[in-house]
Amino acid sequence: MKKSTAKIICCCAAFCLLSAGAFAQIHIAGKVSEPSGRPVPHTTVVLLDTKGKLVTAAFTDSLGRYRLESPAKGAMQLMLSSMEYETAPFFFNLQRDTSILLTGTLKQRRLQTVEVTAARPVLEQQADRIVFNPDRSITAAGSDGMELLAKIPGVRVTGDRIDIAGKGAVRVMVNGRLVRLTDTELENYLRSIAAADIRKIEVITAPSAQYDADGNAGLINIVTRRDRNPGFTGSVQGNYKRNNFDNGNLGGNVTWNTGRWALAAGVNANKGRLLEGFESDVYFPRATWQLSDTGDFSFRTLNTSFNADYTLSKRSVIGVSHTYGFRNYKGSDHVFNPYYSQHATPDSILRTYAEYDPVALTHTFNLHYIAAFDSAGTKLSIDGDYLTFNRRDTSRFNSNSFGPAGQEMPWGHAQYFNTAKQRIRIYTLKADLDIPTAFANWSVGGKINFIDNYSNAFYYRLPENIRDQDGSRSSEFSYKENTQALYVSATKSIHRWTIQAGLRGEYTTVKGLSLLLGEENEQRYFKLFPSALVSYGASEQHQFAFTFSKRINRPTFWSLNPYKSLTTDYSYFEGNPFLQPEFVSNAELTHTYRKRLRSSLYLSVTNNGFDNITFADPSSTTFYRTPVNFLTTVRYGVSEALTLQPAPWFESTNQVNLYQTHARSALAAIGNRELFSAYLSTANSFTLNSARTLSAGFTAWYQFADMDHAGKTDPYYRVDAGIKYQLLQQRLTLSLTGNDLFRSSMPTVYNTVNNIPQRYVNFQYERNLTLAFTYKFGNRKMKTDTHESGNKEERSRVR
């Protein structure tokens, strides 16, 4: 009996082994890239036998990676099956699991008698992002980085705020580094980047676990140009811009690649004058309080960059980079603050004049090392980053009160002198490891960063020209933040399916100390941020995808500082040291047809949301704005994006977004809100001659009445138009662009707090006419690349 049992077991084991061998699958994994190294996403990789018979096929993921399972061994050939890309067949003898890297080139096509290369559209649709190509946008010529964002369909730029229509605010990265500056400082930084220096802009709506978790609706990554061709190349660009005043920009960049060295340097300078400000009205039952603040500033900026990479071997590179920024905005604020009693009868007027002279200096340093361990794609990337930001400011306030007849009130005079400093140091260390295996492609990594922020603002009363410090308005604040993060992400392709799942954990410690008030606040929290992407390629024309991500929006440094920033002697902004982060969950289902039509259903839920709220005291006519956590927001909608090319000389990208917003308030002073809204946009380009050197275009978007946190906006819109001409064998480009032609891109926000209606608009004079040029010299075979370093998140929160 025992012998029979043993025989049965042996037979079963042998049968299982034979079955496993008969049905074993041989795995082929790899990556498809363009000659420049750019990934080729969502294209078909086919495995054929020597007779050309299909064995199996798979789609590449968003990073160009693929994975095949072959049921047979022997002589095979691997190639692409694509309408846009082609590659020479790769012949090999398949005996075991192997890795193969493919290079796909854009197909050549004939247009009448002229041979042209298939050009990328203005907007490329991918499963987890859209890619905007500035070279293909006529109205992008002569723009700066901030203006360029406003030309991306679906991206709204209102003043210094950047968000995705219907989805919320985003964080901005430059070459993979999150720029942790305030809204105003971020705007100034982006305006220092010329559009001619930007290769592409990625709007990442579903970032994987490899990215930092910051950003409500996702991330915008601005990728600058970096020429990798041997020899010397460069460009010079400049523009003249006329709004209310004359403004000018001049810059250039050079690269030199020789032997093992790749060197690049750039410089950009701006000088001009601008108007900006805001209006705020508060409507009491028996009185109306109005405030208009108009700033008149002259500005000077200078930005430089330097990059050096050294190739240690065929598989490893080490490099350093440095950027420098100088910014001076010198000017004045003119505040007109009338107070009307019942029936709009003038009661009093407060006039405030303030002078400012802020200077800001920024340095960033990066040291990076990249090593590829094999041809399969195993790669290690290490980044060390250091950022220093120093800002100092001196200002003077002079307020006077007047009666209804215009007479000056003797008790209504106040004069202040103010000094302010800010010093920020950010240290970041980041490591990423990509490991392709037979089961899946893995990415693991970690990041640690330290933020040290010191700021002060001292106010002095000036009675009879004697400085007397006002301790009730002054501030001295120390902020320290430490975040440690670990993540793991896996991508697996199964026939037509691609599955990507990741998990990121972040542990954060925050300490804030008000030195004058003696208040210290500390927060510690650990949060998990899952992400997922599931895509299905029904065919080369039809792709489906589902994405999910959980994200965090941390308060900026100034929002946590409990100091009072004066607007007038009766109004101010005050930070909230108890402010907490808000958390956002995003889910989206998309269908893409021929990479030209993208349809999506989306849902976004924000918990513990915060916003600046204006509180008014009717008895003392004192007003202040402060950030408060109070909102739970649910938003869902449907969007359609369509790129058309009805003629070889005409391309049009259009978008419609319909969505419903529900905002539930935890404050008794602010009620719940809900609103249905819509957003429309169009971007069009026209080729005007057979040589394709003269082109024109226009972009426009219209936002219907919308929810702004707990407030409501009126409709607003923007229209840009331009013309571009290329000459000297396309080395020289001239352009003329009109931006915000109707000066209509700033919304007015209406809110009600404690049953008191309010109105607020933050305006800038965005309308301008820009005449620009770009001249390229040196090697014209533009093979571009860029390195993304480690401090992605930290640079966007500097305050």
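**Exercise 1. Find which residues Leu190 is in contact with, leaving aside its neighbours within four places in sequence.**

Solution. Contact means heavy atoms within 4.5 Å. Leave out the neighbours of Leu190 within four places in sequence. The partners are then Asp144, Gly145, Met146, Leu149, Ile162, Val172 and Ile222.

A word on the model. This structure is predicted, so local features need pLDDT of at least 70 and side-chain atom pairs count only at pLDDT 80 or more, while totals for chains, interfaces and linings use all residues. Residues are numbered from 1 along each chain as its sequence is written, and side-chain values use heavy atoms, with hydrogens and water left out.

**Exercise 2. Place Leu190 in the largest nonpolar core.**

Solution. Start with the terms. A nonpolar core is a set of buried Ala, Val, Leu, Ile, Met, Phe, Trp, Tyr and Cys residues joined through side-chain atoms within 4.5 Å. Buried means under 20% relative accessible area, exposed means over 50%, and partly exposed lies in between (1.4 Å probe, protein chains only).

Next, take the members. The largest core has 29 residues. Leu149, Ile152, Ile162, Leu190, Ile201, Ile220 and Ile222 touch the most other members. Several elements each supply at least two residues of this core, including helix H2 (145–149), helix H3 (183–191) and strand E20 (219–224). Helices (H or I, at least four residues) and strands (E, at least two) are DSSP runs, numbered from the N terminus.

Last, look for a second core. Another core, of 17 residues, lies apart from the largest one. Ile28, Met76, Leu80 and Leu94 are among its residues. In soluble globular proteins, nonpolar side chains tend to be buried together.

**Exercise 3. Work out the strand order of the open sheet of 4 strands.**

Solution. Two strands pair if DSSP finds at least two bridges between them. The order is E3-E2-E5-E7, and the pairing is antiparallel. Strand E3 (54–59) and strand E7 (90–94) are the edges, as each pairs on one side only. Neighbouring strands are turned by 25 degrees against each other on average, direction ignored. Now zoom in on one pair. Strand E5 (residues 74–81) is joined to E7 by 5 bridges. Here Leu78 stands opposite Phe90 in E7.

**Exercise 4. Is Ser395 buried or exposed?**

Solution. Locate Ser395 in strand E28 (residues 379–402). Its relative accessibility is 2%, so Ser395 counts as buried. Beyond four places in sequence, Ser395 is in contact with Glu355, Tyr356, Tyr416, Phe417 and Asn418.

**Exercise 5. Trace the salt bridge between Asp706 and Arg156, then the one between Lys167 and Glu588.**

Solution. A salt bridge is a side-chain nitrogen of Lys or Arg within 4 Å of a carboxyl oxygen of Asp or Glu. The whole structure has 22 salt bridges. Asp706 and Arg156 meet at 2.9 Å, N to O. They are 550 residues apart: Asp706 sits in a loop, Arg156 in strand E14. Asp706 is buried at 3% relative accessible area. Arg156 is buried at 5%.

For Lys167 and Glu588, the closest N and O atoms are 3.1 Å apart. This pair spans 421 residues, from a loop to strand E38 (residues 582–593). Both Lys167 and Glu588 are buried.

**Exercise 6. Judge the confidence over residues 1–23 and residues 108–118.**

Solution. pLDDT is the predictor's confidence in each residue, from 0 to 100. The mean is 84, and 89% of residues reach 70 or more. Over residues 1–23 pLDDT stays under 50, with 0 contacts beyond four places in sequence. Over residues 108–118 pLDDT also stays under 50, but the model has 15 such contacts there.

Key: Axes are lines fitted to C-alpha atoms, for helices over the stretch in contact, and angles run from 0 to 180 degrees between N-to-C directions.
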